[in-house]
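Trainee: I should like to request a close look at a single part of this structure. Please treat it in one connected account.

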There are 2 protein chains.
Amino acid sequence: MNSKIQWLRNKISLQNIQGMIVSNPVNIKYLIGIDAEGILLITRKENFFLTDARYIEQVQSILTINDEIIVNDIADISKDDYENFFMFCENVGFEENYVTYAKYKDYLQKYKIHSFEETEYLIEKQRMIKDEEEIECIKKACQITDDCFKHICEYIKIGKTEKEIAFEIERFFTANGAEGVSFDTIVASGKNSSKPHAVPTDKKIESGDTITIDMGCKYKGYCSDMTRTIFAGFVPIQVKSVYDLVLKNQMQTLRQMQEGAGIKLISKMVENDFKLNGYDLVHSLGHGVGLDIHELPFINSKNDGILKENMVVTDEPGIYIPNNFGVRIEDTVLITKSGCINLTKSDKNCIIVDKS
Amino acid sequence: MNSKIQWLRNKISLQNIQGMIVSNPVNIKYLIGIDAEGILLITRKENFFLTDARYIEQVQSILTINDEIIVNDIADISKDDYENFFMFCENVGFEENYVTYAKYKDYLQKYKIHSFEETEYLIEKQRMIKDEEEIECIKKACQITDDCFKHICEYIKIGKTEKEIAFEIERFFTANGAEGVSFDTIVASGKNSSKPHAVPTDKKIESGDTITIDMGCKYKGYCSDMTRTIFAGFVPIQVKSVYDLVLKNQMQTLRQMQEGAGIKLISKMVENDFKLNGYDLVHSLGHGVGLDIHELPFINSKNDGILKENMVVTDEPGIYIPNNFGVRIEDTVLITKSGCINLTKSDKNCIIVDKS
């Protein structure tokens, strides 16, 4: 049996759960490598993937006999079949953070489940710790992102629009081995950069613009995430001091990120330093990166957890002056026993594009 | 007050519901035109949008005084504030098809709700019937899609890869007034076309390939959706008969789509004609299109509903021969009292590209 399914079976049996319905498609992709609509049933003895006719061929071509997963077309499943799946299971687990309330009620009734147990991000927590193969994919996604940033710094000229730049980033990704973007690319210039989640507009780059570029791609399903704030023509004096403050905190966080480091403490230190200077950290300091662009662990001052070896997380402090400008600097990093390895290696030294 | 919020208030009060938590971001976009993380609270007297610091500036710049929506930063909301929102509401509605089981429990506890009522796609059902402004946006998205298809037929040459073609489609959309794609573009050639949900690969177009292109863009948030199956160099004889069968059924469905038409009946007719010829319709015949690419109504033989004036739906029969080829032809259409208006007008006559 596939080792990840074996892990899941062991894990739930320790919690006196005999069966589980896995509905989150990202968890299904993690467990059995399949990207298709459907649900995975872990029953007492067998594993089933229930899907529909649109995906049967594709799924059969990916799974091997070693996966020990029985693929069923939901059109062929009778009322009795549904009731038989978990017949001998005292407790059945489900993903309460993914399944809607309506689906929860539907599952209860369709599968005739006696005791439906919340599993509290069981699979998502396992996904936090990456194996070698996963790390290789993220490294590759980060490398394509670095190459793209180098290219885009040459590409950006005064007069280009935010949309054109975002599009060129996405073109580069696809042309250079990525499957596509890992999230909608942010290119926010001038006043637009004051919105942490700005959407690229038709605004043209002007001399003196602060430009925040938040970008990432996917390689074999795994994401990268990097932000750089750069400048067109020159660095406005009032932005420079904010830039230096953000960069100082971003670098300091990098130095603290390692196995055993307290997430709350790391986050608090940035919050405090920003406050001392009259600013607020309005979003999390970072987040896990993997099959999802935002996944566990979330790096903020509400999280009492610690960093662990082989977690991959971002470090992305930012300061935003409403209706004026914003600065965010972000890397994707791999946590090790003695520190962290920065997987996005692009220059952070106040890059000025189109100096002419 | 914004007319859509007024509609919602009237609608819930008819069901003896005094307050509602709207969580589905597409429903929020529909009701108040906002694209930001957050939730909309309809309370006895007031409307609140709870969001976080990342979105406050953006939200404030979109809402006007006429919207009568109070914007709150969740960081500033106390335990008591939460409990006060619905203090005088006997019944509070929620979106059981969107809210996760965990969130449902969290809402119950945080807002101290006595009776939490399922609202059964209340807003989604209203969204089925488009107003003039919405129809104009969809028409524009469809027109850009038609223009793109014309362009892409010139662009495709033997030797181009599926990925290159998909990327050119996306480039054209963005360069011609669309916000972007409304879903991941499908370009599936040769054997790949047998998978209804194929992802573009590095496979090069070869002479004799059947190429299924499923594409759509967004204009002011509204989607278009169109599929054409075209051919490289020539039309293989065994594909032609399948193509003709699919096209015949697609056209017949177009002729039946009008106010009052039974969705089940329309779908059954295609299923039956396919069966008579030895094939199956493995997916729905169509779906609603609007702010979501797939929305109500779903056009399949399980739906007992009828079509109504100003619904916008797709008509997309397809036949797939595993490991061999597939044919799908799809239009986005507007339902009227006496028929339907085809909004995607691209040629369906067995187009052959790169004939040379």
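How many bridges join strand S12 of chain B to S20(B), and in which direction do these strands run, parallel or antiparallel?

Mentor: In this predicted model, S12(B), which spans residues 226-232, is joined to S20(B) by two bridges, and the two strands run parallel. One residue pair can be named: B:Phe231 has B:Ile352 of S20(B) as its bridge partner. Both strands belong to an open sheet of four strands in chain B, ordered S8-S9-S12-S20, in which the pairing is mixed. Strand S8 (186-189) and strand S20 (352-353) of chain B occupy the edges; each has a single partner strand, so one side of each lacks a neighbour in the sheet. A helix also meets this sheet: H7 of chain B, residues 132-155, lies across strand S9 (210-215), S12 and S20 of chain B, and runs at about 10° to S12(B).

The surroundings of the sheet may be completed with the contact between the chains. Here 24 residues of chain B are in contact with 24 residues of chain A. On the chain B side, helix H3 (53-62), helix H5 (101-110) and helix H8 (162-175) are the elements that give two or more residues, and H3(B) gives the most, with five. That side comprises eleven nonpolar, seven polar and six charged residues.

Helix H8 of chain A and H8(B) have axes that come within 11 Å and cross at roughly 175°. Because angles over 145 degrees count as roughly antiparallel, H8(A) is roughly antiparallel to H8(B). Their contact is made by A:Lys163, A:Phe167, A:Arg171 and A:Thr174 together with B:Lys163, B:Phe167, B:Arg171 and B:Thr174; these residues divide into two nonpolar, two polar and four charged.

Conventions. Residues numbered from 1 in each chain as written. Chains lettered and ligands numbered in written order. Predicted model: local features only at pLDDT ≥ 70, side-chain atom pairs only at ≥ 80, totals over all residues. Contact = placed C-beta atoms within 7 Å. Nonpolar A, V, L, I, M, F, W, Y, C, P; charged D, E, K, R; others polar. Pairing = 2+ DSSP bridges. Axes fitted to C-alpha atoms, helices over the stretch in contact; angles between N-to-C directions. Parallel < 35°, antiparallel > 145°, perpendicular 65-115°, else oblique.
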